[in-house]
Amino acid sequence: MNIWVDADACPNVVKEILFRAAQRLGIKTVLVANQFLSTPPSAFISAVQVPAGFDVADNYIVQKCNAGDLVITADIPLASEVLEKGAHALNPRGEFYTPENIRQRLNMRDFMDQLRSSGIDTGGPAKLNQQDRQLFANQLDRFLAKQLRQ
């Protein structure tokens, strides 16, 4: 199992949690972004810089991930694609995307996009808080422990 990180918009605090887990458990973790990313020296942590462009990092992750891998992303269409491949998807707030909830999330995303396109200010997501960080760390730990037992 590998962890793939949609790193362009991933909060640094979430990356730090992932770095500690990768080191502690020896799990290959790959950050993918269209900009240079600094990673700690580790045999388990690497970064891939892809060319700039719409969904280039997402497409790279979809191509490279395998069933059973974990993808960290807030991008709902990317989560949908990796779920179709049999991978798991977790957002930086600690919420898993699942085959059961992904359709509803895509519909809500499209609805909000339509509102923004018509000029309605929908605001953005709330700032990541301590509770979100804790939920992410707990979900990640539980998921990795379960995967390593299997």
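Visitor: How many aromatic pairs does the structure hold?
Guide: The structure holds 2 aromatic pairs. Keep in mind that this is a predicted model.

Visitor: Take Trp 4 and Tyr 60. How are the rings set, and how far apart are their centres?
Guide: The ring centres of Trp 4 and Tyr 60 are 6.4 Å apart, and the planes sit at 65°, so this pair counts as edge-to-face. Trp 4 belongs to strand β1 and Tyr 60 to helix α2 (residues 56-64), so the contact ties together parts 56 residues apart in sequence.

Visitor: Is Trp 4 buried or exposed? And what about Tyr 60?
Guide: Trp 4 is buried, at 5% relative accessibility. Tyr 60 is partly exposed, with a relative accessible area of 22%.

Visitor: And how do Phe 96 and Phe 143 sit?
Guide: Their ring centres are 5.6 Å apart with the planes at 40°, so that pair is tilted. Phe 96 is in strand β6 and Phe 143 in helix α5, so parts 47 residues apart in sequence get tied together. Phe 143 is buried, with a relative accessible area of 9%.

Visitor: OK, on to the sheet. What's the strand order?
Guide: It's an open sheet of 6 strands, running β3-β2-β1-β4-β5-β6, and the pairing is mixed.

Visitor: Which strands stand at the edges?
Guide: β3 and β6 do. Each has a single partner strand, so one side of each has no neighbour in the sheet.

Visitor: Walk me through the pairing around β1. In which sense does β1 pair with β2?
Guide: β1 and β2 are parallel, over 4 bridges. Asp 6 stands opposite Val 32 in β2. With β4, β1 also pairs in the parallel sense, over 3 bridges, and there Val 5 has Ile 72 as its bridge partner.

Visitor: And β2 with β3, over how many bridges?
Guide: Over 5 bridges, in the parallel sense. One partnership to look at is Val 30 with Ser 46 in β3.

Visitor: How many residues of β2 are buried?
Guide: 5 of its 5 residues are buried, so to speak mostly covered. Thr 29, Leu 31 and Ala 33 point one way, while Val 30 and Val 32 point the other way.

Visitor: Why that split?
Guide: Side chains in a regular strand alternate between the two faces of the sheet.

Visitor: What do β1, α1 and β2 make together?
Guide: They make a right-handed β-α-β unit.

Visitor: Let's stay with α1 then. How does its span compare with what you'd expect?
Guide: It agrees: α1 has 14 residues (12-25), which at 1.5 Å a residue should span 20 Å, and its end C-alpha atoms are 20 Å apart.

Visitor: Which residues of α1 are buried?
Guide: Val 14, Lys 15, Ile 17, Leu 18, Phe 19, Ala 21 and Ala 22.

Visitor: Why would buried positions in a helix be spaced like that?
Guide: As a general point, an α-helix has 3.6 residues a turn, so residues three or four places apart point the same way.

Visitor: What do the buried residues of α1 pack against?
Guide: Against four strands and a helix, namely β1 (3-6), β2 (29-33), β3 (45-49), β4 (70-72) and α5 (130-149).

Visitor: What follows α1?
Guide: Gly 26 does, and its phi is positive, near 70°.

Visitor: New topic: how many salt bridges turn up in the whole structure?
Guide: A search of the whole structure finds 2 salt bridges. In one of them, Asp 141 pairs with Arg 24, and the closest N and O atoms are 3.0 Å apart. That pair links distant parts of the chain, with Asp 141 in helix α5 and Arg 24 in helix α1, 117 residues apart.

Visitor: How accessible are Asp 141 and Arg 24?
Guide: Asp 141 is partly exposed, at 36% relative accessible area. Arg 24 counts as exposed, at 52%.

Visitor: And what does Asp 132 form a salt bridge with?
Guide: With Arg 93, where the closest N and O atoms are 2.7 Å apart. Asp 132 lies in helix α5 and Arg 93 in the loop between β5 (88-90) and β6 (96-97), so the pair ties together parts 39 residues apart in sequence.

Visitor: Is Asp 132 buried or exposed?
Guide: Asp 132 is buried, with a relative accessible area of 14%. Its partner Arg 93 counts as partly exposed, at 23%.

Technical notes: Residues numbered from 1 in each chain as written. Predicted model: local features only at pLDDT ≥ 70, side-chain atom pairs only at ≥ 80, totals over all residues. Heavy atoms only, no water. Helix = DSSP H or I, 4+ residues; strand = E, 2+ residues; numbered from the N terminus. Expected span 1.5 Å × (residues − 1). Buried < 20%, exposed > 50% of the residue type's maximum accessible area, 1.4 Å probe, protein only. Contact = heavy atoms within 4.5 Å. Salt bridge = Lys/Arg side-chain N within 4 Å of Asp/Glu carboxyl O. Pairing = 2+ DSSP bridges. Right-handed = clockwise from strand over helix to strand, strands pointing away. Phe/Tyr/Trp six-rings, centres within 6.5 Å; stacked < 30°, edge-to-face > 60°.
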